[in-house]
Amino acid sequence: MNVEISKMTEADIENIAKIEQECFSDPWSEKSLFEELENPVADFFVAKIDGETAGYIGSFNVVGEVSITNVAVSEKFRKKGVATKLLAHLEKGSREKNAEFITLEVRESNENAIALYRKCTPIIRSEFNTQNRRDNPCGCPQTAKVGVSHGAKIYISHGRAGACSCRTN
């Protein structure tokens with residue numbers, strides 16, 4: 001199965017919004033997705049299989065830190081390597097832009113997503129670190145650093161970075 005990844009265009013937004021509706025309880029609107037086309041710090045990529053939109057990934061790159069906003073794959077195309085290819089594509093582009101970090105957040109209960117991020121070796125490795133603030137950006141003992149790749153790091157946290165409800169400092 002040939003997965004083609006390209007930069008999101010206006011023509012992709014309707015299909016991406018449908019995937020948002022399918023995958024998330026609080027989906028982005030078509031208007032919100034459209035606004036990202038004009039956002040200079042946003043990078044959104046779409047994956048297509050035989051011309052059909054299979055999934056997408058979005059991120060913001062601010063001062064060398066890439067924050068993944070969404071990774072979504074339509075039910076029809078899951079377990080076919082689409083999300084892995086999207087993550088690899090974003091990681092490669094981020095490295096080319098000299099990103100220092102790649103961050104993302106996922107609910108602790110989303111075991112499928114966590115398993116995906118952990119299996120994306122060599123860009124992902126599992127490690128918990130509660131001492132080093134740079135390796136634990138929200139300062140929370142439940143934040144897991146799960147990725148390191150060419151200087152870029154991927155985090156999974158249980159809450160918003162810098163605003164975890166259990167933060168004690």
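This report walks through the confidence, two helices and the aromatic residues of a predicted model.

Residues are numbered from 1 along each chain as its sequence is written. Local features need pLDDT of at least 70 and side-chain atom pairs count only at pLDDT 80 or more, while totals for chains, interfaces and linings use all residues, and side-chain values use heavy atoms, leaving out hydrogens and water.

**Confidence**

Let's start with pLDDT, the predictor's confidence in each residue, from 0 to 100. The protein chain averages 75, and 69% of the residues score at least 70. Helices (H or I, at least four residues) and strands (E, at least two) are DSSP runs, numbered from the N terminus. Among these elements, strand β2 (residues 42-49) has the highest mean pLDDT, 97, and strand β6 (residues 124-128) the lowest, 31. Two stretches deserve a careful eye, and the table lists their contacts (heavy atoms within 4.5 Å).

| Stretch | pLDDT | Contacts in the model |
|---|---|---|
| Residues 121-153 | under 50 | 81 beyond four places in sequence |
| Residues 156-169 | below 50 | 31 beyond near neighbours in sequence |

Where pLDDT is low, the predicted coordinates should not be read in detail.

**Two helices**

Helix α1 covers residues 13-23, and its buried residues (under 20% relative accessible area, 1.4 Å probe, protein chains only) are Ile13, Ile16, Ala17, Ile19 and Glu20. They lie on the same side of α1, because their arc around the axis is only 160°; the arc is taken from the directions from the helix axis to the C-beta atoms. The partners against which the buried residues of α1 pack are α2 (30-36), β2, β3 and β4 (65-73).

Helix α3 (residues 82-96) has 15 residues, so at 1.5 Å a residue it should span 21 Å, and its end C-alpha atoms are indeed 21 Å apart. That expected span is 1.5 Å times one less than the number of residues. In α3, the buried residues are Val82, Ala83, Leu86, Leu87, Leu90, Glu91 and Ser94. Their arc of only 165° around the axis puts them on the same side of α3. Just after this helix, Asn98 takes a positive phi of about 60°.

**Aromatic residues**

How many aromatic pairs does the structure hold? There are three, counting rings of Phe, Tyr and Trp (its six-membered ring) whose centres lie within 6.5 Å. Phe44 and Tyr56 form a stacked pair (planes under 30 degrees apart), at 6.2 Å centre to centre with 15° between the planes. The pair links distant parts of the chain, with Phe44 in strand β2 and Tyr56 in strand β3 (residues 52-62), 12 residues apart. Both Phe44 and Tyr56 are buried. Together with Trp28 and Phe60, Phe44 and Tyr56 form one aromatic cluster.

Terms used: Buried < 20%, exposed > 50% of the residue type's maximum accessible area, 1.4 Å probe, protein only. Phe/Tyr/Trp six-rings, centres within 6.5 Å; stacked < 30°, edge-to-face > 60°.
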